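Let's work out how labels like "buried" or "salt bridge" get attached to residues. Have the structure open while you read.

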Amino acid sequence: MAYSLPLLLTDDPPAALCLNSPAAAAEAELVSQLQQGSEAAFRILVERYQDRIYRTVLSLLRSPEEAEDVAQEVFVEVHQTIGRFRGEAALSTWLYRLATSRALKQLRRAQAKKRFAYFTSLLGFGNEVLHDLPTHEHPLALLEGQQQLGLLLDHLARLPDQQKVAFTLRHEQELSYEEIAAVLATTVPAVESLLYRARKTLRYHLQPHFRHG
């Protein structure tokens, strides 16, 4: 989806989760086939979710190469651990949980490497300081309003992890509040609070650019 910046910064009411029994039954059948080792079922899973998982990870990492690697790792993990999936959450919820968890771990590793390189360079060990992630690598930054979108992505990257994930799942993947709560293993009111704080912070930093842009 294309971000509409003023709309994203406006608080919205929680969307009701629409339970679709035929879809749930189809998902249960897909899980059953996956757990039986069906490669055809795994191909269906990848085709159905690979774009969503990639875009979610990309919104957090902002590096297409890293996002592609992490997305592949997610599906490898699914292939290896599907036997332990018990259906306590929707399959999509589990996938988003794996994806966001791996993306956040990758961010922490990158930040730790940057800190280590910085301090070792101060000690004269000859290490080069790693540069920040590119500002405008996200494909959405090529759309209209590139400068404002770049600012949004910059400030989104600085949010606390839970706020960043909630905002990404809501506006990149259009998940309902209930679905986000399931991914984050929290409650709908907690998701409301995360999104409220994320929007408040982003609004504070971006509102001047809307007024003067």
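Buried means under 20% relative accessible area, exposed means over 50%, and partly exposed is in between (1.4 Å probe, protein chains only). This is a predicted model, so local features need pLDDT of at least 70 and side-chain atom pairs count only at pLDDT 80 or more, while totals for chains, interfaces and linings use all residues. Residues are numbered from 1 along each chain as its sequence is written, and side-chain values use heavy atoms, with hydrogens and water left out.

Q: Why is glutamate 77 called partly exposed?
A: Its relative accessible area is 22%. Partly exposed lies between the 20% and 50% limits, so glutamate 77 gets that label.

Q: What makes glutamate 77 and arginine 102 a salt bridge?
A: A salt bridge needs a side-chain nitrogen of Lys or Arg within 4 Å of a carboxyl oxygen of Asp or Glu. Here the N to O value is 2.8 Å, so the pair fits the definition.

Q: Which parts does that pair tie together?
A: Glutamate 77 lies in helix α4 and arginine 102 in helix α5, so the pair joins parts that are 25 residues apart in sequence. Helices are DSSP runs (H or I, at least four residues), numbered from the N terminus.

Q: Why is glutamate 172 called buried?
A: Its relative accessible area is 4%, and buried means under 20%, so the label fits.

Q: What is the salt-bridge partner of glutamate 172?
A: That's arginine 55, with the closest N and O atoms 2.8 Å apart. Arginine 55 sits in helix α3 and glutamate 172 in the loop between α7 and α8, 117 residues apart.

Q: Is arginine 62 buried or exposed?
A: Buried, because its relative accessible area is 6%. Arginine 62 also forms a salt bridge with aspartate 154, with the closest N and O atoms 3.0 Å apart.

Q: How do you know that the span of α4 agrees with the expected one?
A: The expected span is 1.5 Å times one less than the number of residues. For the 18 residues of α4 that gives 26 Å, and its end C-alpha atoms are 26 Å apart, so the two agree.

Q: Which residues of α4 are buried?
A: They are Ala67, Val70, Ala71, Val74, Phe75, Val78 and Thr81. They cover an arc of only 145° around the axis (using directions from the helix axis to the C-beta atoms), which puts them on the same side of α4. On the other side, Glu65 and Gln80 are exposed.

Key
Helix = DSSP H or I, 4+ residues; strand = E, 2+ residues; numbered from the N terminus.
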